[in-house]
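Reader: I should like to go through this structure by question and answer. Please begin once the sequence and structure are shown.

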Amino acid sequence: MLQQTTVSDDPAVSALRVVLANPRGFCAGVVRAIDIVEQALDRYGSPVYVRHEIVHNRHVVERLREKGAIFVDELSDIPEGALTIFSAHGVSRAIEDEARGRRLPVIDATCPLVTKVHVQGRRYAKAGRTLVLIGHQGHAEVDGTMGQVNAPIHLVESAEQVAALPIADDTPIAYVTQTTLSVDDTRGIIAALKARFSDVEGPDVSEICYATQNRQTAVRDLARVCDLLIVVGSTTSSNSNRLREIGVEMGVPSYLVDDGEGVDPAWLDGVHTVGLTAGASAPDSLVDSVIAALGRLRPVEVSQLDGVEEKLHFSLPPELRHREPRPPRAQRT
Ligand code: 0JX
Ligand code: SF4
């Protein structure tokens with residue numbers, strides 16, 4: 001007997017279900033960092049210098065550049081007296097000292113949750129513990145955290161690297177973590193530290209930044225219901241890459257795109273349901289651009305998974321909190 005195929009069973013012509021992760025996109029630290037640059041431009045005019053990309057998103061950086069922000073890698077690229085903003089990822093004490101030495105007026109957009117890690121690290125070092133930072137070598141936040149503690153820090157990126165740490169097993173150690181790591185990988189690295197060292201202190205994995213945890217939980221839920229995962233975020237964004245990796249771990253073909261232009265029509269072959277999420281530095285407008293791109297290929301039905309509601313909000317730094325426009329003070333040497 002011939003099997004009857006209805007039109008809606010044929011993925012080539014049926015509507016494409018697009019399911020959005022919840023939560024996704026901007027976290028409180030990113031909202032604050034972008035606000036700081038925009039408000040600094042509004043109050044003090046352009047140019048405003050930003051050390052490092054304010055957040056790791058190409059579109060955010062391009063938009064702020066168009067408004068008058070100038071992004072630099074080194075403070076030496078900033079002219080005398082020019083307003084300077086530190087990115088959300090934080091900076092080392094050496095960078096703070098350099099800015100102070102040059103009397104640059106600074107507004108610090110370091111996320112308060114990154115600053116919390118700096119404080120933890122200093123506290124453990126002061127207590128005499130040998131410090132281990134769990135994080136990715138070369139990442140801006142890792143460079144900042146390593147340079148915020150006036151003591152040697154050992155960096156580990158994986159559980160395997162724990163065995164190679166040049167520290168005696170009975171040394172009292174403490175660990176701190178980069179805020180945008182894979183929660184599961186971090187749990188494994190902490191377990192490896194506790195298995196090797198007899199005296200270990202450090203925050204529970206549940207203390208990793210709320211936004212990182214929520215987006216990773218949400219993408220795991222999403223991967224269970226989709227047959228293709230698209231993560232909106234730039235390749236430089238650590239947290240966005242981690243979201244894509246979770247999709248891969250869950251057995252779903254997963255791609256990271258900057259915007260709708262990054263969508264390859266071939267990805268949709270045989271696909272009924274696309275899961276869509278965004279890293280903490282990716283604006284919702286880019287999610288919309290991906291939905292629009294999908295809509296140009298197939299009719300789409302968009303829905304969103306249930307998820308936790310995020311209410312965290314960080315206030316602006318003091319230099320931008322006052323109503324009256326007043327120039328930020330140059331840091332004193
Ligand atoms: O590369 P990261 O994920 O650390 O940064 P991004 O993409 O700019 O995300 C927001 C900033 C996160 C700081 O913790
Ligand atoms: Fe802050 Fe977390 Fe956002 Fe990083 S991901 S900026 S730590 S809220």
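Reader: Where does ligand 2 sit?

Author: This is a predicted model, in which local features need pLDDT of at least 70, side-chain atom pairs count only at pLDDT 80 or more, and totals for chains, interfaces and linings use all residues. Residues are numbered from 1 along each chain as its sequence is written, chains are lettered from A and ligands numbered from 1 in the order in which they are written, and side-chain values use heavy atoms, with hydrogens and water left out. A molecule sits in a cavity if more than half of its atoms lie within 2 Å of its grid points; a cavity is a set of points, on a 1 Å grid over the protein atoms alone, where a 1.4 Å probe fits but cannot get out. For ligand 2, the site is the largest cavity.

Reader: Which residues are around ligand 2?

Author: A residue counts if one of its heavy atoms lies within 4 Å of the molecule. The residues are C27, G29, C111, L113, T179, T180, C209 and Y210.

Reader: In which helix is V248, and is V248 buried or exposed?

Author: V248 belongs to helix α9; helices are DSSP runs (H or I, at least four residues), numbered from the N terminus. Buried means under 20% relative accessible area, exposed over 50% and partly exposed in between (1.4 Å probe, protein chains only). With a relative accessible area of 44%, V248 is partly exposed.

Reader: How many residues apart in sequence are V248 and L229?

Author: In space the two lie 8.7 Å apart, C-alpha to C-alpha. In sequence, V248 and L229 are separated by 19 residues.

Technical notes:
On a 1 Å grid over the protein atoms alone, a cavity is a set of points where a 1.4 Å probe fits but cannot get out, and a pocket is an open set with protein on both sides within 12 Å along at least five of seven lines; lining residues have an atom within 4 Å of a point. Helices (H or I, at least four residues) and strands (E, at least two) are DSSP runs, numbered from the N terminus.
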